[in-house]
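Open the model in your viewer and keep the sequence panel beside it. This tour suggests what to select next and says what is there.

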Amino acid sequence: MRHPRTVISAVLGLGFGLAAALGTAPAVASSPAPAAAPAAHSGYTAQAGAHEDAAANQAFFEAVVKSVAKKQAANPGAQAVTVVYSAANAPSFRSQIASSAQIWNSSVSNVRLQEGSNPDFAYYEGNDPRGSYASTDGHGRGYIFLDYAQNRQYNSTRVTAHETGHVLGLPDRYSGPCSELMSGGGPGPSCTNAYPNATERSRVNSLWQYGFAAALARHAS
C-alpha cells in the first residue's frame, strides 16, 4: 500500500468515522475546507460517545441525500442514484479513494459513487490528533477527512472505504469483527479488510432502493 506523502493540506480530525463535535475546519489546507458550523463528526476509532456518533452519522448521510435530491429535482429524467465526490483536496489519497469507490460500486446496486464536478461531498487530507473522520457542517454539505498518521497505522483503503460507508448511510460499529467494514479501527491495525459484509451491503441497498426522498425516511426508521 502506498503511504500518503506529507503535504500541506486540510488539517481536521482523527478517527475512522463521523465524530461528535465539529465546528473545526482544516487549519491548513491546499483549498479551503467547507465552513464548519457546529455540527458533528465521527472517527475511525471510538473516541466519542455512541449517541454523538449516531447523530453524526445521520447528519452526514442526510446532508449527502439532500444534495443528491436537489440535483435529481433539476434533472428528473435521471434513473440512477449517483453520489458525486471530489478528491481534489486529498491528492495523496487518490488511489485509496478510487479503490474505495470501486469497492462500494461493486458491492451495492442501488447507488453509485462517481468523481466529478458539483460534488455532494469532498475528501480532505492533513494531520490531526483525532484521526480520520466523516463530517457535516450542518448546512447540507459534508466531507471526509483522511489523517496522515492514522492512514500509516491502519490499512488506508479500509479507512477510506469505512468513512465512505457513512456517506451511504452506515453507522459505526467499533465492537464488530474485522469482516465488518464499519467496525473501523475496533479490530486493530492488523485488520486490512476493506469490503462491506453482506449485512452492510444489504443495508445500503435498502436505504437507496426507492431513490432520494425515501432514503431519508428509511434511514430514520
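## The disulfide

Select Cys 178 and Cys 191, whose link is right-handed, with 85 degrees about the S-S bond. The model you are looking at is predicted, and it holds 1 disulfide, in which the two sulfur atoms of Cys 178 and Cys 191 lie 2.0 Å apart. Both cysteines are in the loop between helix H4 (156–167) and helix H5 (198–208), and they are 13 residues apart. Are these cysteines buried or exposed? Cys 178 is partly exposed, with a relative accessible area of 27%, whereas Cys 191 counts as buried at 4% relative accessibility.

## Helix H1 and the largest core

Move next to Ala 63, which is found in helix H1 (residues 50–74) and counts as buried at 4% relative accessibility. If you also select Thr 136, you will find its C-alpha atom 6.8 Å from that of Ala 63, although 73 residues separate the two along the chain.

Now colour Val 83, Trp 104, Phe 121 and Trp 208, which touch the most other members of the largest nonpolar core, a set of 35 residues. Among the elements that give two or more residues to this core are H1, strand E2 (82–89), helix H2 (94–107) and strand E4 (121–126). Which element gives the largest share? That element is H1, with 5 residues.

Stay with Trp 104 and show what surrounds it: leaving aside neighbours within four places in sequence, Trp 104 is in contact with residues including Leu 113, Ala 161, Leu 181, Pro 196 and Val 204. A second, separate core has 5 residues, including Ala 122, Tyr 124, Tyr 133 and Tyr 143.

## Along helix H2

Select the whole of H2, a helix of 14 residues that reaches 20 Å from its first C-alpha to its last, close to the 20 Å expected at 1.5 Å a residue. Its buried residues include Gln 96, Ile 97, Ile 103, Trp 104 and Asn 105, and what covers the buried residues of H2 includes E2, strand E3 (112–115), E4, E6, H4 and H5.

## A stop in a loop

Go on to Asn 118, in the loop between E3 and E4, where this residue counts as exposed at 53% relative accessibility. Its phi is near 50 degrees, a positive value in a residue other than glycine. For comparison, most residues other than glycine have a negative phi.

## The aromatic pairs

Finally, show the aromatic rings, since the structure holds 9 aromatic pairs. Phe 93 and Tyr 148 form a stacked pair, with 6.2 Å centre to centre and 10 degrees between the planes. Why does this pair tie together parts that are 55 residues apart in sequence? Phe 93 lies in the loop between E2 and H2 while Tyr 148 lies in helix H3 (residues 148–153), so the pair joins those parts. Phe 93 is buried, with a relative accessible area of 0%, and Tyr 148 is buried, with a relative accessible area of 0%.

The pair of Tyr 133 and Tyr 143 is tilted, because the ring planes stand at 55 degrees, with the centres 6.5 Å apart. Tyr 133 is in strand E5 (residues 133–136) and Tyr 143 in strand E6, 10 residues apart. Tyr 133 is buried at 0%, and Tyr 143 also counts as buried at 0% relative accessibility. To end the tour, select Tyr 124, Tyr 133, Tyr 143 and Phe 145 together, which ring pairs link into a cluster.

Methods
Residues numbered from 1 in each chain as written. Predicted model: local features only at pLDDT ≥ 70, side-chain atom pairs only at ≥ 80, totals over all residues. Heavy atoms only, no water. Disulfide = S-S within 2.5 Å. Helix = DSSP H or I, 4+ residues; strand = E, 2+ residues; numbered from the N terminus. Buried < 20%, exposed > 50% of the residue type's maximum accessible area, 1.4 Å probe, protein only. Core = buried A, V, L, I, M, F, W, Y, C linked by side-chain atoms within 4.5 Å. Contact = heavy atoms within 4.5 Å. Expected span 1.5 Å × (residues − 1). Phe/Tyr/Trp six-rings, centres within 6.5 Å; stacked < 30°, edge-to-face > 60°.
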